[in-house]
Amino acid sequence: MNVGAGTIAAPRLLPAYAVGMVAMVLWAASPAATGFMVAEIPPLVAGLARTVFAAAVAVPMVMALRLPLPRGWIQWKLALISVVIGFTVFPLIYTYGISRTSTSHAALILAALPAIVGGVGALVERQMPGRMWFAGVIVAMAGEWLLVTTPESSGTATIEGDLICLLASLCCGAGYVAGARLSAHVGTWSATFWVLSLAGLVQLPLLLIVGADVQWMALSGACWAGLLFMSLGIGIIGYAAWYWALREGGVVRMAPLQFTQPLISLIIAVALLAEPVTIPVMVAAGTILAGIAIARRG
């Protein structure tokens, strides 16, 4: 099944966009959840724990549902890329990067994900997006820049942390594309659960070593809530939803949805934390949505 930017019927695109937005809503809450985690446990432990805890659910599901393993070198290569880059390197270095820079800088860097994912997908599928896609990405990026540079998004940033978050974004984009292509071969749940199971089994010994001094039972409810959300909400539901959306709607076509993440994060902050909505923020939100609308035509 083609996961590129080829012609896809409108009836298939609507469910893909809907399911993709489910993933965006979940991921929009990930900075807050990560913040709760790293406030009480080291970033390396937090990054490992989120995958290992997700694997604790994925392994029984693999066995109960008898999900098929990847077959052949191509499928296993995609699985290994997803395990190593998407589920191991990305969460570890991104969690560490957030602890070394400001939330606004991390959000701005991750705002490049649609361009990264779309670019990687275009290279893999050898289908270059059209001019409207590039125009929409530029417009949405301008909105992202305005959103994260408003006074409400200020914070303490470092070049080191920014570079780490940039590297994490590149790894994330490669992992997304590999996972989407694997799901086209073995199905969404097989791709998600098998990759999570393998990643968790690989990371478990390291977690036992680096997390030996963590007093797990003494962690606050907020920390545990953040950990469970990152493991189950992001690691399983979020990734499965996004892989399915990428497979059904196409990598390049679905990638601009990721521009909505900081916008949804803002809505969550307004609803739960009563943060003010300023005119620059409203302009940024409108610009982001306009960019997505333009990119969809490409």
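How many salt bridges does the structure hold? I began my notebook with this, and I noted that the structure holds one salt bridge. I also wrote down that the model is predicted, so that I would keep this in mind for every later entry.

**Entry on the salt bridge**

I looked up the two partners, and the side chains that meet in the salt bridge belong to Glu248 and Arg247, with 3.1 Å from N to O. I then asked myself whether these two residues are buried or exposed. Both Glu248 and Arg247 turn out to be buried.

**Entry on the whole chain**

I counted the elements next, and the chain has 13 helices and zero strands. I noted that 51% of the 298 residues of the chain count as buried. For the contacts with a separation of 6 or more, I found that 91% are between residues 24 or more positions apart. The accessible surface of the chain comes to about 13300 Å², and carbon and sulfur atoms account for 72% of that surface.

**Entry on a surface patch**

Which residues form a nonpolar patch on the surface? I listed Ile159, Leu163, Leu166, Leu167 and Leu170, which together have about 490 Å² of accessible area. I picked out Leu167, which is found in helix H8, residues 159–186. Leu167 counts as partly exposed because its relative accessibility is 45%, and partly exposed covers what lies between under 20% for buried and over 50% for exposed.

**Entry on helix H2**

I turned to helix H2, residues 30–38, whose buried residues are Ser30, Ala33, Thr34 and Met37. Why do they lie on the same side of H2? They do so because they cover an arc of only 100° around the axis.

I followed Ala33 further and found that its C-alpha atom is separated by 7.6 Å from that of Ala225, although the two residues are 192 residues apart along the chain. Ala225 has its place in helix H10, residues 221–249, and with a relative accessibility of 44% it counts as partly exposed.

**Entry on Met24**

I looked up Met24 in helix H1, residues 10–28, and it is buried, with a relative accessible area of 0%. What is Met24 in contact with, leaving aside its neighbours within four places in sequence? I wrote down Trp242, Leu257, Gln258, Thr260, Gln261 and Ile264. I also noted that the C-alpha atoms of Met24 and Ala241 are separated by 9.3 Å, while the residues are 217 residues apart along the chain.

**Entry on aromatic rings**

I finished with the rings, for which the count comes to twelve aromatic pairs. One of the pairs is formed by Trp189 and Phe193, which are stacked, with 5.2 Å centre to centre and 20° between the planes. The pair counts as stacked because planes under 30 degrees apart are given that name. Trp189 and Phe193 are separated by about one helical turn, because they are four residues apart in helix H9, residues 188–210. I compared how each residue is covered: Trp189 counts as partly exposed at 44% relative accessibility, whereas Phe193 counts as buried at 4% relative accessibility.

My last note concerns a cluster, in which ring pairs link Trp27, Phe87, Tyr176, Tyr239, Trp242 and Tyr243. I marked Trp242 in that list, since Trp242 is also one of the residues in contact with Met24.

Terms used
Residues numbered from 1 in each chain as written. Predicted model: local features only at pLDDT ≥ 70, side-chain atom pairs only at ≥ 80, totals over all residues. Heavy atoms only, no water. Helix = DSSP H or I, 4+ residues; strand = E, 2+ residues; numbered from the N terminus. Buried < 20%, exposed > 50% of the residue type's maximum accessible area, 1.4 Å probe, protein only. Contact = heavy atoms within 4.5 Å. Areas by Shrake-Rupley, 256 points an atom, 1.4 Å probe, with all protein chains shown as cover. Patch = residues over 30% accessible without salt bridge, like charges linked within 9 Å, V, L, I, M, F, W, Y side chains within 5 Å. Salt bridge = Lys/Arg side-chain N within 4 Å of Asp/Glu carboxyl O. Arc of directions from axis to C-beta. Phe/Tyr/Trp six-rings, centres within 6.5 Å; stacked < 30°, edge-to-face > 60°.
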